[in-house]
Amino acid sequence: MHSVSVKNLTLKFGSAEVLKNLNLDVEEGEFIVLLGPSGCGKSTLLNCLAGLLELTEGQIHIKGKNVTWAEPSERGIGMVFQSYALYPQMTVRGNMSFGLKIAGLPKDEIAKRVERASEILQIGPLLDRKPGALSGGQRQRVAIGRALVREVDVFLFDEPLSNLDAKLRSELRVELKRLHNRLKNTMIYVTHDQIEALTLADRIAIMRGGIIQQLDAPQTIYNRPANLFVAGFIGSPAMNFIKGATVDGGKRFQFGNVSLDLAGYEGGAILDRPKAILGLRPEHLTMVDEAIAGHTIPAVVEIDEPMGADSLVWLLAEGRQMSVRVPVEHRPAPGKQVHLRVDIAKASLFDETNELRI
Amino acid sequence: MANSNLAAGPSGAKPKPFITPQRAVVYTVLIVCAIFFLFPLYIMIITSLKNIQEIQSGNIFIPTLHPTLDAWEKAWNSACTGLYCEGIKVGFWNSIKITVPSTIVSIIVASLTGYSMANWPFKFSEVFFTILLLSSFIPYVVMIYPLVIITRELGIYSTLPAVVLVHTIFGLPLLTLLFRNYFASLPQELFKAARVDGAGYWQIFFQVFAPMSVPIFTVAVILQVTGIWNDFLFGVIYAGPTNYPMTVQLNNIVNSAQGGKAYNVDMAATILTGLVPLAIYFFSGKYFVRGIAAGAVKG
Ligand SMILES: Nc1ncnc2c1ncn2[C@@H]1O[C@H](COP(=O)(O)OP(=O)(O)O)[C@@H](O)[C@H]1O
Ligand SMILES: [Mg+2]
């Protein structure tokens, strides 16, 4: 039995189709991250799961129960929002117990749950304050607490860390991971931040235009992106794309005067494709002084951007811009002639006609 | 050397002269405006404290040396409003009886309608909104006669319920817009959070939104109370002579010519009539401004 199961979900706002025949199965206790550019329908999907939007077509099952038409509070979900959405006139305690009071739970049970949640989130000292007197990080903790006290199986997060500054964001990110390890609930987490996605997720669903492009473990998404969009979206600095063709029955990749040996490529049958794209991550290229036939690309250093431990070096190779990540102490001087060594086992090949990974 | 230079130079906030040219202009304009609006009030007050001989012989701008509240007493208790000579207090209580229920009913209906339109969109709610928007621009004069017929058919013409009904109806378009816009400006995620918490239509309204909406309710109360209190026309048309509001009674006092004009009584009665809106603005001006701002800017 899946924890959450979305079947053929379509959602339209008027005539605009925001989610298109979407399917998603989430396992019990899984941490799923919905990742995609702004406006791709992540929040819309989450709101559908929560029962805050009416689907146009399809079904939603939570814990095996068809909840397609159920009220938000009857679905066994808790939700955390980007803007915290705390009730400003209520204390922290009031915020956390509001839903429980409406559900008609006895007073001592409410007190017990609030106690437990505030202990987990370390917000005990804040219980009698109003949200206005809390910092952003504290507010989001309270909002998580409000979801926690519901003692439900599925938590929905809609960009919960986006309103926080970088330092707090990374702190709360770790805390969320700890929370998940401890509670083992199913979590569905929306973000546009790939670091959050890569660090938190058991599986990432990459979305674009209301369609899930790829649903896989973070490492798979990173190493074997299913298509050009995913490849370009994941990874910062972004992957280098080189347009060329596969020749010799798929044994070599040819562009300009360069011909690369494809032996060791991990993927499907390469074949001869007149329009192919080779994707190389900046961290999978190394700079060497000597050319190795079939394994290096000659290039000239343009500029470099030191980023602390590493430096991102920009080069011109066969008239194309490429970037390479090197340890900062190995920064080459601008104008230097180098050779970029390709690790073909970590490369991705795409067919340009359908943009899919080969 | 460098240190001493540092110590000698300016430090801290730059001192500003109290009067700058910009300020002088602003203050001048404000003072002129204040005089323009306060001067009539001043004349009214000093005249109401004079006796009739002083008014006839003295200078209108100069206060009396022997102030008396006789005119006020007469205006409140025994001035003649047509057939009866019971003062303006009758009108005062009538105005209360008209204003209080009209304000309460119109605000309840408008806030719920506005809340429904903003947060529980129903079929054609946008069409409804457009109609509402347009209807607030229709001159109300065109609806006077139809409403006479309607209230007559309902059997309430010339009664308190008729005038309350009319005030409520005329208050609704603007108030509903006001509330709709205010509720639409509240964060949508707050509404969603309450839904997930299991709160329904009424619980969200009373427990989540209403406590956040004090400013807009204040604005609505002020608009309605002052508007209805100052109304003359609907009072004359729909209330019937026994329920004439204070404004109508005031008009009757001023226009009922028995003997010479009692300017002091007229002035006192006028001030008494204006006292309620004046007091409301005086005590709630701060909230009024705050509420208007909250309605305009995203709160
Ligand atoms: N209530 C709405 N009415 C009409 N269009 C909407 C509504 N909410 C969202 N949209 C549109 O649906 C698309 C997806 O929105 P959303 O799910 O919020 O994206 P995101 O992935 O950034 O969370 C956007 O193009 C947005 O403009
Ligand atoms: Mg969103």
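I began with the ligand and looked up how A:G39 meets it: a polar backbone atom of A:G39 is 2.6 Å from an oxygen atom of ligand 1, which I enter as a polar contact (a pair of N or O atoms within 3.5 Å; within protein, one must be able to donate a hydrogen and the other to accept it, and residues adjacent in sequence count only if both atoms are side-chain atoms). This is a predicted model, in which I took local features only at pLDDT of at least 70 and side-chain atom pairs only at pLDDT 80 or more, while totals for chains, interfaces and linings use all residues. Residues are numbered from 1 along each chain as its sequence is written, chains are lettered from A and ligands numbered from 1 in the order in which they are written, and side-chain values use heavy atoms, with hydrogens and water left out.

I then noted a backbone N or O atom of A:K42 at 2.9 Å from an oxygen atom of ligand 1, and a polar side-chain atom of A:S43 at 2.6 Å from an oxygen atom of that ligand. Ligand 1 taken alone exposes 560 Å², of which the protein buries 53% (Shrake-Rupley accessible areas with a 1.4 Å probe; for residues, only the protein chains shown count as cover).

Around ligand 1 I listed A:F13, A:V18, A:S38, A:G39, A:C40, A:G41, A:K42, A:S43 and A:T44, each with a heavy atom within 4 Å of the ligand. By class I entered three nonpolar, five polar and one charged residues, where Ala, Val, Leu, Ile, Met, Phe, Trp, Tyr, Cys and Pro count as nonpolar, Asp, Glu, Lys and Arg as charged, and the others, Gly among them, as polar. Helix 1 (residues 42-50) of chain A gives the largest share of this shell, three residues; helices (H or I, at least four residues) and strands (E, at least two) are DSSP runs numbered from the N terminus.

Next I turned to the interface, where 25 residues of chain A are in contact with 15 residues of chain B (heavy atoms within 4.5 Å). The two chains bury about 1,600 Å² between them, 61% of it on carbon and sulfur atoms, buried area being the accessible area (1.4 Å probe) that two parts lose on being put together, summed over both.

I found two salt bridges between chain A and chain B (a side-chain nitrogen of Lys or Arg within 4 Å of a carboxyl oxygen of Asp or Glu). One of them joins B:R195 to A:E71, with the closest N and O atoms 3.4 Å apart. Helix 2 (92-102) and strand 6 (77-80) of chain A each supply at least two residues of the side that touches chain B, and helix 2 gives the most, with four residues.

Lastly I checked A:K63, which forms a salt bridge with A:D153 at 3.7 Å between the closest N and O atoms. A:K63 lies in the loop between strand 4 (57-62) and strand 5 (65-66) and A:D153 in the loop between helix 4 (136-148) and strand 7 (154-158) of chain A, so the pair ties together parts 90 residues apart in sequence. A:K63 also has a positive phi of about 50° although it is not a glycine.
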